[in-house]
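Reader: I am new to this structure, and I would love a close look at one part of it. Could you take me through the charged pairs, and then show me some of the surroundings?

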Amino acid sequence: MFLKLAWLNIWRNGRRTMITVASVFFAVLLAITFRSVTDGVYENMIHNVVSYSSGYLQIHKKGYWDEQSIDNSFEADEELSKNLLDNPKVTGLMPRLETFALSSFADKTKGVMVLGIDPTSEKKVNQLNEKVVEGIYFESNSAEQILIGSGLAEQLNAKVNDTLVLIGQGYHASSAAGKFNIVGILKLGSPELNSNVIYMPLKTSQYLHGAENRLTSLSIMLGKTSDLESSKEAIESVIDTEAYEVMTWKQMMPEMDQFIEADSSGHYIVIGILYIIISFGLFGTLLMMTFERNREFGILIAIGMKKHLLAYVILLESIMISLMGCLMGVLGGTLIVHLLTEYPVQFSGSLREVYEDYGFEPIIYFSGNIRIFIYQTLIVLVLASLLSLYPGFKVLRLRPVDAINS
Amino acid sequence: MGKTIIDAHNVSKTYKETAVPVRALQDVHLHIEEGEFVALVGPSGSGKSTLLNMIGGLDEPTSGTVYVDGVEITKLPENKLIDFRLQNIGFVFQSFNLIPVLTSRENIGFVLQLQKVSKKDREKRVLELLREVDLEEKIDSRPGELSGGQQQRVAVARALASKPKIILADEPTANLDSKSASNLLDIMAKLNKEEKITFLFSTHDQRVIEKARRVITLVDGKVDSDVNQKPT
Ligand SMILES: Nc1ncnc2c1ncn2[C@@H]1O[C@H](COP(=O)(O)OP(=O)(O)O)[C@@H](O)[C@H]1O
Ligand SMILES: [Mg+2]
């Protein structure tokens, strides 16, 4: 009965209600599209960055992160890899042996990071092969070959087919030295990586370091950015946490996480302002809807309707108006996000070049994360309830005589 | 002597919110028995509405007590009082009594729903009530589609819905033409006679006054006269 009454009441002034519904609709639509773009851009950025660096999650020997030495490596374990891949959220694994070495070519010497990688996995996960701008990609997991960043190539003045000398420290203080043929030059998005990294097939690197079948890290790729914490927990539950540590990219790259957090706080302000604007509209409508019915409320109280029931009807009216706008907004937002995911917006001009330089696709990504939609709906519902508090409170204090005489 | 239904003792009301306090009622005594049909008359500003509000528990007297059917309503806490009104008192105001978005059926049914009457019984009772006020054919009309007189009759039907002991009506005919007014009064008189419902209504319409069996006249917030008469 109260539902019906509230529903009929909101259509007493259909135009006003439609305007209010429309304002909620546009706000929700804007908020969803905005959140979807910003989240989409972040998700894409995170995905790009982690696929070349840490992966979403990494498994190390316990203590490796605090002391990143080859002595803190662990034995690769087929069983473990299989277990991890059984998790549907996990889309790929990248076993790595990461060490430091001195590289020299002719009269130039430079400290470098040596990444022993599985050529097949990296090709699958981050298309490392496509970053080769000169020469070729690895031919096998045990080839005596290296790929170097283009920045490093410039600094060493080395070219494809040149031979580089690497001197480093192997497992348990053994020495690790060797000569390697540069088969390709990579252009990597991160300048930092580009001028410091040497890639080497995993087997070759393990042999070089006297670390047969050992890894410093096992990087894990996920299908969705948002599955991070739940996947971490899932993985921790299947491995021996006494022997291994599981870390998220947020733990390994706190600067990037902080950057995103700081950047998104600006977005919250934008959305906040949006909602403050519609709150005023909704509040105004609610006030008008209640004050113009003052006398009617008085009569209803006189004939025996309790005040809290009246306040409840007002709450229902507020929720109905905002929910209508909100649902329309969610529907419209879903449509927009869906369309723009199917037919992505491409950057052009200089922005496109900047993106491509960093190895990103020049596309605006949209996040279809369901949480965006749920949050917006919840925010609107909470707002609607809060805004009906004041008129509700007014009704609770209404004296029927005054109302009837008004 | 019948059963006392309204018993007001020493009721005074002073409105203090105004610049000069207004003494709207001064030591009013009122005693009405079950089944009476009473007109409350007096010039505008004499305190008729104020007295009806005190009896209906819509406002509190500055001093004095009001008993309705033996309950001292001046002492009831708010929610109890609202419930008491729902169960025992029917109201008809001068105009705009009904919820405009609801049909006659729904307006009357609303009170029954507040009383938690089952849907089946509600339907039956609504029909019965509309028959009493001779408006069965307007069951699905909204107030806006009814004439003033018809609206007042639906309001009377709604006031009857909860089977109250008394119906208080503050100038129920003030906005009606004389034909509708006398029609409404005839219906009220019939209900009074057949259903033994006590009516207390204020008016300053001479033709309406003539239909009452007892006429209480207020002047300056005091009972000036209280006479029984033979209704026309
Ligand atoms: N809410 C109020 N505040 C101040 N004065 C009031 C109020 N209601 C009524 N009065 C005054 O009380 C007196 C009696 O009013 P009322 O009971 O409405 O008379 P009636 O219904 O007989 O016309 C009048 O002088 C009126 O101005
Ligand atoms: Mg009056």
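Author: Here is a walk that begins where the two chains meet, follows the charged pairs, and ends in a sheet.

A word on the model comes before the tour. This is a predicted model, in which local features need pLDDT of at least 70 and side-chain atom pairs count only at pLDDT 80 or more, while totals for chains, interfaces and linings use all residues. Residues are numbered from 1 along each chain as its sequence is written, chains are lettered from A and ligands numbered from 1 in the order in which they are written, and side-chain values use heavy atoms, with hydrogens and water left out.

Let us start at the interface. Counting as contact any heavy atoms within 4.5 Å, 23 residues of chain A touch 24 residues of chain B. Together the chains bury about 2,200 Å², and carbon and sulfur atoms account for 66% of it; buried area here is the accessible area (1.4 Å probe) that two parts lose on being put together, summed over both. On the chain A side, A:Met1, A:Ile303 and A:Lys306 lose the most area to chain B, together 27% of what that side buries.

Now for the charges. A salt bridge is a side-chain nitrogen of Lys or Arg within 4 Å of a carboxyl oxygen of Asp or Glu. By this rule, 4 salt bridges cross between chain A and chain B. In one of them, B:Asp59 meets A:Arg399 at 3.3 Å, N to O. Both residues also belong to a network of salt bridges that links A:Arg399, A:Asp402, B:Lys13 and B:Asp59.

Over all chains, the search of the whole structure finds 24 salt bridges. One of the pairs inside chain A joins A:Glu292 to A:Arg16, with their closest N and O atoms 2.7 Å apart. These partners lie 276 residues apart and link distant parts of the chain: A:Glu292 is in the loop between α10 (254-291) and α11 (294-302), and A:Arg16 is in helix α2 (residues 14-52) of chain A. Helices (H or I, at least four residues) and strands (E, at least two) are DSSP runs, numbered from the N terminus.

How exposed or buried are the two ends of this pair? A:Glu292 is exposed, at 51% relative accessibility, whereas A:Arg16 is buried, at 12%. Buried means under 20% relative accessible area, exposed over 50%, and partly exposed in between (1.4 Å probe, protein chains only).

A second pair in chain A is formed by A:Glu122 and A:Arg96, whose side chains meet at 3.0 Å, N to O. They again bring together distant parts of the chain, 26 residues apart, with A:Glu122 in helix α4 (residues 119-126) and A:Arg96 in strand β3 (residues 90-105) of chain A. Here A:Glu122 is buried at 1%, and A:Arg96 is buried at 2%.

In chain B, B:Glu136 and B:Arg131 form a salt bridge with a closest N to O distance of 3.0 Å. B:Glu136 is partly exposed at 33%, and B:Arg131 is partly exposed at 47%.

For the surroundings, stay with chain B. An open sheet of 6 strands runs in the order β6-β7-β8-β3-β9-β10, with mixed pairing; two strands pair if DSSP finds at least two bridges between them. The edge strands β6 (89-92) and β10 (222-228) have a single partner each, so one side of each is left without a neighbour in the sheet. Strand β9 (residues 214-219) of chain B pairs with β10(B) in the antiparallel sense over 6 bridges, and B:Leu218 stands opposite B:Val223 in β10(B). The two strands make a hairpin with 2 residues between them, and B:Asp220 in the turn has a positive phi of about 50 degrees.

One last stop in chain B is B:Lys80, which sits in helix α2 of chain B. B:Lys80 is exposed, with a relative accessible area of 55%. Its C-alpha atom is separated by 30 Å from that of B:Pro21, 59 residues apart along the chain.
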